[in-house]
Amino acid sequence: MSNINKQELEEKIIQTLKTCYDPEIPVDIFELGLIYEIRIDNDANINIKMTLTSPMCPVAGTLPPEVQGKVAAVPGVKSAKVDIVWNPPWDKEMMSEVAKVELGFL
């Protein structure tokens with residue numbers, strides 16, 4: 001069993017996710033609440049469950065591979081896999097306070 005610091009790795013992954021944007025919304029995908037789960041196994045294989053603001057999202061074909069590529073490039077990550085899920089459906093209530101302020105919802 002390898003000796004990885006999952007919390008430290010997760011923080012690096014979250015910082016990386018904060019560099020990914022839906023081009024129509026000036027807020028990163030993490031603050032938007034599009035990331036539902038980040039799983040890190042003992043070998044530093046990462047599995048991310050994420051959603052999109054809608055199934056018709058113009059970046060549906062490009063954003064998941066971008067996220068997967070950026071996470072895979074994080075130092076210490078062995079592999080990364082992104083699964084798109086539609087349950088629960090994304091809702092603006094899933095956004096962080098930061099995102100809500102940025103987009104004028106508060």
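**Entry 1: Thr 16**

I began with Thr 16, which I found in helix H1. A reminder to myself: this is a predicted model, so each value here is computed from it. Is Thr 16 buried or exposed? Its relative accessibility is 15%, and since buried means under 20%, Thr 16 counts as buried.

Next I looked up what Thr 16 touches. Leaving aside neighbours within four places in sequence, I listed Lys 70, Val 71 and Val 74 as its contacts. For one of these, Val 71, I also took the C-alpha separation from Thr 16: 6.6 Å, for residues 55 apart along the chain.

**Entry 2: H1 against H2**

Those contacts sent me to the helix pair. H2 covers residues 63-72, and its axis comes within 9 Å of the axis of H1, with a crossing angle of roughly 140°. How should I class that angle, then? Over 145 degrees would count as roughly antiparallel, so at roughly 140° I put H1 down as oblique to H2. I also noted the handedness: H1 and H2 cross in a right-handed sense.

Which residues make the contact? On the H1 side I wrote down Ile 13, Thr 16 and Leu 17, and on the H2 side Val 67, Lys 70 and Val 71. Sorted by class, the contact holds 4 nonpolar, 1 polar and 1 charged residues. Thr 16 from my opening entry is thus back in the picture, as part of the H1 side.

**Entry 3: Ile 38 and Glu 10**

I then moved to strand E1, where Ile 38 lies. Ile 38 has a relative accessibility of 16% and counts as buried. What surrounds Ile 38? Not counting neighbours within four places in sequence, I found contacts with Glu 10, Ile 13, Ile 14 and Leu 17, and also with Ile 46, Asn 47 and Ile 48. Two of these names, Ile 13 and Leu 17, I had already met in the contact between H1 and H2. I also checked Ile 38 against Met 50, 12 residues along the chain, and the C-alpha atoms are separated by 8.8 Å.

Glu 10 deserved its own lookup. Glu 10 sits in helix H1 and is partly exposed, at a relative accessible area of 30%. With residues up to four places away set aside, Glu 10 touches Ile 38 and Ile 40. I tried one more distance from here: Glu 10 and Ile 25 are 15 residues apart in sequence, and their C-alpha atoms are 24 Å apart in space.

**Entry 4: salt bridges**

How many salt bridges does the structure hold? My tally is 5, and I wrote up several of them. Side chains of opposite charge can pair when their charged atoms come close.

Lys 18 pairs with Glu 31, with 3.2 Å between the closest N and O atoms. This pair links distant parts of the chain, 13 residues apart, and both partners are in the loop between helix H1 (6-17) and strand E1 (35-40). I compared the exposure of the two: Lys 18 is partly exposed at 27%, while Glu 31, at 13%, counts as buried.

Arg 39 and Glu 37 form another salt bridge, and their closest N and O atoms are 3.7 Å apart. Arg 39 is partly exposed, with a relative accessible area of 43%, and Glu 37 is partly exposed too, with 28%.

I also opened the salt bridge between the side chains of Lys 81 and Asp 83, where N to O is 2.5 Å. Lys 81 is partly exposed, its relative accessible area being 44%.

**Entry 5: backbone checks**

My final lookups were about backbone geometry. Where is there a cis peptide bond? I found one joining Asn 87 and Pro 88, with omega at about -5°. Pro 88 belongs to the loop between strand E3 (79-84) and helix H3 (97-102).

Which residue has a positive phi although it is not a glycine? I noted Ala 44, with phi of about 70°. Ala 44 is placed in the loop between E1 and strand E2, which runs over 45-50. I checked its accessibility as well: Ala 44 has a relative accessible area of 3% and is buried.

Conventions: Residues numbered from 1 in each chain as written. Predicted model: local features only at pLDDT ≥ 70, side-chain atom pairs only at ≥ 80, totals over all residues. Heavy atoms only, no water. Salt bridge = Lys/Arg side-chain N within 4 Å of Asp/Glu carboxyl O. Helix = DSSP H or I, 4+ residues; strand = E, 2+ residues; numbered from the N terminus. Buried < 20%, exposed > 50% of the residue type's maximum accessible area, 1.4 Å probe, protein only. Axes fitted to C-alpha atoms, helices over the stretch in contact; angles between N-to-C directions. Parallel < 35°, antiparallel > 145°, perpendicular 65-115°, else oblique. Left-handed = near helix turned anticlockwise from the far one by under 90°. Contact = heavy atoms within 4.5 Å. Nonpolar A, V, L, I, M, F, W, Y, C, P; charged D, E, K, R; others polar.
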